Amino acid sequence: MSSEYWKVAGAVILPNVGGIMGGFITRKNLDPWYKKLNFPSYRPPNWLFAPMWTSIYSSMGYASYLVWRDCGGTFTGDAKWPLITYGTQLALNWAWTPIFFGNHNIKGGLIDIAALTTTATLCGVLFYRVNKIAGLLFIPYIAWLSFATMLNYSVYKLNPEDKQATKAVEDTKKE
């Protein structure tokens, strides 16, 4: 197998590593915390999230490879700002799950995902300037993030912080 295939594989696998780690945090907190929250009627079924994120992480990873390759296989010069932005949005992406699910912090998750959506959009624009396909690969990601931001906002509005604190105290007393 060519070394170029390994570079593509690494770029595709990297974002999924954080997604897999986030999956463990998510599954640990689905019951009882997440299941007790109030949700809007448009919330997708839980089974949809894993395949969506796997395809999104894979496509964003491939996009990062295209940018890196087209900038001479370096992290400097024309690749510097697109790849710094990529790393920033990836860090914000990976941070959302521990904030929202791990800390049960809906508002913190909302702040994170708003920053993530903004940074991912900038990343898509910067990628597009280097490689049009790389930029276009960010469109489904940005669309999904926009939906997820709206969902996070709705969950925040439907679950006031004082009500969440009361639930947490009640759950602690039951244990």
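1. Helix α1 holds both K7 and E4, which sit three residues apart, about one turn of the helix. In this predicted model, their side chains meet in a salt bridge, with 3.8 Å from N to O. K7 counts as partly exposed because its relative accessibility is 36%, and E4 falls in the partly exposed class too, at 30%.

2. How many salt bridges are there by this rule? The count comes to two. Besides K7 and E4, the side chains of D70 and R69 meet in a salt bridge, at 2.8 Å from N to O. D70 is partly exposed at 36% relative accessibility, and R69 is partly exposed at 37%.

3. Now to the aromatic side chains, where there is plenty to look at. The count comes to 20 aromatic pairs. One of them joins W33 and F101 edge-to-face, with the ring centres 6.1 Å apart and 80° between the planes. W33 lies in the loop between α1 (3-30) and α2 (49-70), while F101 belongs to helix α3 (residues 80-102), so this pair ties together parts that are 68 residues apart in sequence. Both W33 and F101 are buried.

4. The W33 and F101 rings are also worth viewing with their neighbours. One aromatic cluster is formed by W33, Y34, F39, W96, F100 and F101. At F39 there is a charged partner to look for as well: R43 lies over the face of the F39 ring, 3.9 Å from the ring centre.

5. Please take a moment for N159, found in the loop between α6 (138-158) and α7 (161-174). Is N159 buried or exposed? With a relative accessibility of 1%, N159 counts as buried. Its side chain reaches two backbone oxygens: that of N38 at 2.8 Å, and that of V155, also at 2.8 Å.

6. Last, the nonpolar interior. The largest nonpolar core has 37 residues, and the members that touch the most others are M60, F100, F127, F138 and Y141. Helices α2, α3, α4 (106-130) and α6 each supply at least two residues of this core. Which helix gives the most to this core? That is α2, with nine residues.

7. Y141 makes a good place to start when browsing that core. Leaving aside residues up to four places away in sequence, Y141 touches W53, I56, M60, Q89, N93, L116 and A120. Among these, M60 appears beside Y141 in the list of core residues that touch the most other members. F100 is on that list as well, and F100 is part of the aromatic cluster with W33 and F101.

Terms used: Residues are numbered from 1 along each chain as its sequence is written. This is a predicted model: local features need pLDDT of at least 70, side-chain atom pairs count only at pLDDT 80 or more; totals for chains, interfaces and linings use all residues. Side-chain values use heavy atoms; hydrogens and water are left out. Rings of Phe, Tyr and Trp (its six-membered ring) pair if their centres lie within 6.5 Å; planes under 30 degrees apart count as stacked, over 60 as edge-to-face and the rest as tilted. Helices (H or I, at least four residues) and strands (E, at least two) are DSSP runs, numbered from the N terminus. Buried means under 20% relative accessible area, exposed over 50%, partly exposed in between (1.4 Å probe, protein chains only). A charge sits over a ring if NZ of Lys or CZ of Arg is within 6 Å of the ring centre and within 35 degrees of the ring normal. A polar contact is a pair of N or O atoms within 3.5 Å; within protein, one must be able to donate a hydrogen and the other to accept it, and residues adjacent in sequence count only if both atoms are side-chain atoms. A nonpolar core is a set of buried Ala, Val, Leu, Ile, Met, Phe, Trp, Tyr and Cys residues joined through side-chain atoms within 4.5 Å. Contact means heavy atoms within 4.5 Å. A salt bridge is a side-chain nitrogen of Lys or Arg within 4 Å of a carboxyl oxygen of Asp or Glu.
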